[in-house]
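Take a look at the chain below. This report goes through its helices, its cores and a few single residues.

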Amino acid sequence: MRKIDLNSSGSGRGAISVQKLISSHKRQKELNFLIIVSILILASIVISPAAASNSNLSLSPYPDMDSVSEKIHAETSGETVELGATDPYEDSEPFLKLEQKIDIAYTIVGIGAAVLILFGYLRILRETPNLQKKMMENFHLSKIFKTTEPEEIEEINEEEFETTRLRLLTAFPILGITLAELLMFSGRMGAAVWVHIGIVIALSLSEIFLKDPKIHRIYQAFMLLPVLRLINLSMPIFFETTLYTFVFIYGPLAIPVVVIVLHQRDSLEQIGITLKHFVPYMLLSVPLGFLMGLGEYLTIRASYLIPDLTFVNLLKLTITMVFFVGLVEELIFRSILQSRLEQALSVWEALLITSFMFGLMHSGYGTIYEIFYTGIVGLIMGLAFYKTKSLPFVAVLHGFVNVFLFGILPHQLNLLPGF
């Protein structure tokens with residue numbers, strides 16, 4: 001075994017390299033601090049009283065369908081929505097001016113934060129190759145003293161660096177999507193749409209600067225979330241029955257999902273397409289779906305999507321919720337996003353990130369309780385997928401949650417006193 005002589009002629013170069021590494025890590029810490037501060041400022045503006053006064057916190061009977069398209073159209077065209085015979089805000093011109101100033105300040109701060117994040121992102125990309133080489137030389141002096149095998153040092157340091165780098169790069173789309181959903185939650189639909197559009201463009205262009213296949217796969221998975229939101233917000237309602245709108249939302253959404261699955265060349269086992277324990281899983285999904293659906297119904301008091309509980313209506317609701325909503329969303333969150341994060345990070349990091357994003361994408365209901373509840377449900381479904389690796393199980397479970405939430409429970413519980 002060869003010992004490391006720190007008094008050799010190369011020790012001076014090693015000390016300089018360590019100093020550069022320490023300096024580089026300080027800069028990264030400063031950058032992370034600035035990013036966190038920027039996001040907190042944006043979040044505080046989003047939940048400010050002026051923003052809250054513009055928000056629509058009424059409970060929507062349908063997921064993310066509470067006049068969202070009309071609000072975006074009103075924002076972009078300058079139209080106002082008539083709320084009654086008299087306008088309670090006809091003498092509120094000073095308040096409107098104050099809100100305009102707040103919007104201008106928000107825009108300036110938002111652009112500044114975006115520029116800061118962009119420059120930090122490019123700076124990290126520029127320093128990554130040199131930093132990675134230095135990491136392979138020496139990263140922690142304490143480990144150098146404790147080992148006599150340079151190969152072990154290189155292997156450990158390279159793995160730690162790669163994990164840290166993946167976590168940092170994964171944080172960017174998470175922060176962006178979080179900001180967009182907070183904007184939508186506060187009623188700033190137009191701004192939320194533009195942020196989601198910017199996220200899609202940024203993630204698409206990231207492959208020009210990044211050459212890491214793991215990051216490409218993660219970013220392709222995250223790209224589906226703003227696409228889901230944009231399709232959800234922009235899809236017009238063609239039928240009086242809102243149930244059919246889900247077909248026109250999740251049908252087109254299935255196209256990019258399939259494209260990404262084919263592009264990433266995952267096996268059927270990785271996606272979770274399996275018939276293993278199919279019958280027990282199908283039987284288990286019904287009582288679990290009832291319990292989760294009951295909890296969500298008590299959270300948001302959803303209205304029904306079918307006029308009555310006839311067999312035909314229940315069949316339509318079940319087909320829509322299982323084969324469109326449940327299947328497509330579980331493909332996105334579990335088969336693609338959670339699996340990509342598991343490969344790059346740890347299992348628990350993948351579960352927590354995926355469940356957080358799953359809950360956040362329910363911000364259209366306008367209540368923080370729904371975000372928390374669906375986040376917990378997402379964690380349960382994520383654990384179920386991790387343990388079973390069965391897409392049919394989680395898709396049918398997800399579908400039955402919605403069948404009980406938007407079909408059976410609203411009709412049955414409304415007959416009980418107190419409901």
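## Helices and overall make-up

Helices here are DSSP runs of at least four residues, numbered from the N terminus. By that rule, Arg 301 sits in the loop between H11 and H12. The model is predicted.

The chain has 15 helices and zero strands. It holds 419 residues, and 47% of them count as buried. The exposed area is about 22200 Å². Carbon and sulfur atoms supply 67% of that area. Now take contacts between residues at least 6 apart in sequence: 81% of them join residues at least 24 apart.

## The nonpolar cores

The largest nonpolar core has 68 residues. Phe 222, Leu 225, Met 321 and Met 357 have the most contacts inside it. Helix H12 (residues 311-344) gives the largest share of this core, 12 residues. A second, separate core has seven residues, including Leu 179, Leu 183, Met 184 and Leu 233.

What does Met 321 touch, leaving aside its neighbours within four places in sequence? Its contacts are Leu 243, Phe 246, Leu 305, Gly 326, Gly 399, Asn 402, Val 403 and Phe 406.

## A buried threonine in H6

Thr 170 belongs to helix H6, which covers residues 150-185. Is Thr 170 buried or exposed? Its relative accessibility is 1%, so Thr 170 counts as buried; the cut-off for buried is under 20%.

A polar atom of the Thr 170 side chain lies 2.6 Å from the backbone oxygen of Leu 166. Beyond its neighbours within four places in sequence, Thr 170 is in contact with Ile 218, Phe 222 and Leu 341. Phe 222 also appears among the residues with the most contacts inside the largest core.

## H11 and its two flanking residues

Helix H11 runs over residues 278-300, which makes 23 residues. From first C-alpha to last, H11 reaches 32 Å. That is close to the 33 Å expected at 1.5 Å a residue. H11 also has a kink of about 25 degrees at Ser 285, shortly before the proline Pro 287. Ser 285 is buried, and other buried residues of H11 include Tyr 281, Met 282, Gly 289 and Met 292. Helix H14 (368-388) and helix H15 (391-413) are among what covers the buried residues of H11.

Now look at the loops on either side. His 277 is in the loop between helix H10 (268-271) and H11. Its phi is positive, about 55 degrees, although His 277 is not a glycine. With a relative accessible area of 45%, His 277 is partly exposed. Arg 301 follows H11. Its phi is also positive, near 50 degrees, in a residue other than glycine. Arg 301 is partly exposed, with a relative accessible area of 40%.

## H15, a mostly covered helix

How many of the 23 residues of H15 are buried? The count is 20, and H15 is mostly covered. Its end C-alpha atoms are 31 Å apart. At 1.5 Å a residue, H15 should span 33 Å, which agrees.

H15 has a kink of about 40 degrees, centred on Phe 404. At its N-terminal end, Ser 390 acts as a cap. A side-chain oxygen of Ser 390 lies 3.3 Å from the backbone nitrogen of Phe 393.

## H13 and the loop after it

Helix H13 has 14 residues and should span 20 Å at 1.5 Å a residue. Its end C-alpha atoms are 20 Å apart, which agrees. Among the buried residues of H13 are Ala 350, Leu 351, Ile 353, Met 357 and Gly 359.

Gly 359 has a relative accessible area of 0%. Which residues does Gly 359 touch, not counting those up to four places away in sequence? They are Ile 371, Thr 374 and Gly 375. Gly 359 and Gly 375 are 16 residues apart in sequence, but their C-alpha atoms are 3.9 Å apart in space.

His 362 is in the loop between helix H13 (347-360) and H14. At 14% relative accessibility, His 362 counts as buried. His 362 and Thr 374 are 12 residues apart in sequence and 7.3 Å apart in space, C-alpha to C-alpha. Thr 374 is also one of the residues that Gly 359 touches.

Key:
Residues numbered from 1 in each chain as written. Predicted model: local features only at pLDDT ≥ 70, side-chain atom pairs only at ≥ 80, totals over all residues. Heavy atoms only, no water. Helix = DSSP H or I, 4+ residues; strand = E, 2+ residues; numbered from the N terminus. Buried < 20%, exposed > 50% of the residue type's maximum accessible area, 1.4 Å probe, protein only. Polar contact = N/O pair within 3.5 Å; in protein donor to acceptor, adjacent residues only side chain to side chain. Contact = heavy atoms within 4.5 Å. Core = buried A, V, L, I, M, F, W, Y, C linked by side-chain atoms within 4.5 Å. Areas by Shrake-Rupley, 256 points an atom, 1.4 Å probe, with all protein chains shown as cover. Expected span 1.5 Å × (residues − 1). Bend = angle between axes of the 7 residues up to and from the residue.
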